[in-house]
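Welcome! Please take a look at the sequence and the structure below, and then read on for a short tour of what can be found there.

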Amino acid sequence: TGSTRPQRILRAVQKNATRGDPCSVVKAIDDYCRHKEWAMNVGDEKGCIVDSVVSEVKPTAVLELGTYCAYSTVRIASLLSPNAKLITLEFNSDYAAIAREVIAWAGLQDKIQLVEGASGEWIPRLKEEFGIETFDLIFLDHWKDRYLPDTKLLEKCGLLRPGTVLLADNVICPGTPDYLDYVRNSQQYKSKFFKSHLEYTQEEDGLEKSVFLG
Ligand SMILES: CCCNc1ncnc2c1ncn2[C@@H]1O[C@H](/C=C/CNC(=O)c2cc(-c3ccc(F)cc3)cc(O)c2O)[C@H](C)[C@H]1O
Ligand SMILES: [Mg+2]
């Protein structure tokens with residue numbers, strides 16, 4: 001009954017990061033996953049691209065699909081304006097528990113609402129449960145075969161507006177072919193690929209930024 005990788009990541013945060021300092025939390029996770037054991041965080045290289053998109057969009061309502069250890073949750077939330085909110089969906093209760101601790105260590109509990117549940121069940125409830133009209137930015141980083149169905153569900157639920165930005169991780173590795181095909185060929189999206197590398201490796205990967213046109 002040893003520890004899990006997320007538990008070891010949380011321990012690295014508690015050991016090496018300063019409470020209330022999101023940047024030190026991000027750095028502690030990157031240092032651990034680069035030098036001790038790989039984990040599927042968006043990472044520091046793709047993370048800089050995420051930062052630039054967040055800074056450009058200046059979102060007040062952000063949705064993240066797939067929290068895992070809350071690396072990207074903390075990274076994005078640390079860049080948000082005082083009144084902005086980030087909702088993150090995680091359906092694995094063990095990961096959700098770790099993520100809550102990482103978010104607390106970063107001191108970002110007031111900006112982040114972690115919802116423990118599946119995207120398919122919760123996307124239709126976000127308007128009613130959280131008073132959301134539409135999202136300004138959506139970060140997709142959950143199971144890769146769920147990017148497309150969940151994007152269609154977001155459209156159906158009226159959670160996208162002209163200008164909403166969808167930012168998708170791993171469009172090369174592991175890859176999200178059906179999603180890429182959809183956003184790149186649909187008249188409803190203006191899509192752009194940001195070439196990068198798989199977190200902590202030299203493998204090719206990248207992010208797809210798709211603006212919903214309505
Ligand atoms: C009901 C299901 C849908 N609804 C859901 N609703 C809520 N939460 C959901 C849903 N589906 C999944 N989640 C949660 O999101 C997380 C899942 C994250 C998944 N990420 C990857 O698989 C990946 C792989 C590699 C990779 C690359 C190269 C390799 F060699 C190995 C691995 C790299 C990367 O950057 C990656 O993000 C978490 C583990 C899982 O519980
Ligand atoms: Mg990813």
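## Ligand 1 and its pocket

Ligand 1 takes up the space of the largest pocket. To sit in a pocket, a molecule must have more than half of its atoms within 2 Å of the pocket's grid points. This is a predicted model, in which local features need pLDDT of at least 70 and side-chain atom pairs count only at pLDDT 80 or more, while totals for chains, interfaces and linings use all residues. Residues are numbered from 1 along each chain as its sequence is written, chains are lettered from A and ligands numbered from 1 in the order in which they are written, and side-chain values use heavy atoms, with hydrogens and water left out.

The shell around ligand 1 draws two or more residues from each of S2 and H9. Helices (H or I, at least four residues) and strands (E, at least two) are DSSP runs, numbered from the N terminus. By class, 11 residues of this shell are nonpolar, six are polar and six are charged. Of the 23 residues around ligand 1, Glu90, Ser119, Asp141, Asn170 and Glu199 come nearest; a residue counts here if one of its heavy atoms lies within 4 Å.

Three side chains have polar contacts (pairs of N or O atoms within 3.5 Å) with the ligand:

| Side chain | Partner | Distance |
|---|---|---|
| Glu90 | oxygen atom of ligand 1 | 2.5 Å |
| Asp141 | oxygen atom of ligand 1 | 2.8 Å |
| Glu199 | oxygen atom of ligand 1 | 2.5 Å |

Taken alone, ligand 1 exposes 830 Å², and the protein buries 82% of that.

## The walls of the pocket

How much space lies in the largest pocket? The volume is about 540 Å³. Its lining has 32 residues, and Gly66, Glu90, Asp141, His142 and Trp143 lie nearest the centre; a lining residue has an atom within 4 Å of a point of the pocket. At least two lining residues come from each of helix H4 (71-77), strand S2 (85-90), helix H6 (119-122) and helix H9 (171-175). The lining divides into 16 nonpolar, 10 polar and six charged residues.

## Two backbone details

Helix H9 also holds Pro174, which is joined to Cys173 by a cis peptide bond with omega of about 5°. Elsewhere, Lys58 has a positive phi of about 45° although it is not a glycine. Lys58 lies in the loop between helix H3 (43-57) and strand S1 (61-65).

Notes:
1 Å grid on protein atoms, 1.4 Å probe; cavity = no way out; pocket = protein on both sides within 12 Å on 5 of 7 lines; lining within 4 Å. Points joined across faces, edges and corners; volume = space filled by probe spheres on them. Nonpolar A, V, L, I, M, F, W, Y, C, P; charged D, E, K, R; others polar. Polar contact = N/O pair within 3.5 Å; in protein donor to acceptor, adjacent residues only side chain to side chain. Areas by Shrake-Rupley, 256 points an atom, 1.4 Å probe, with all protein chains shown as cover.
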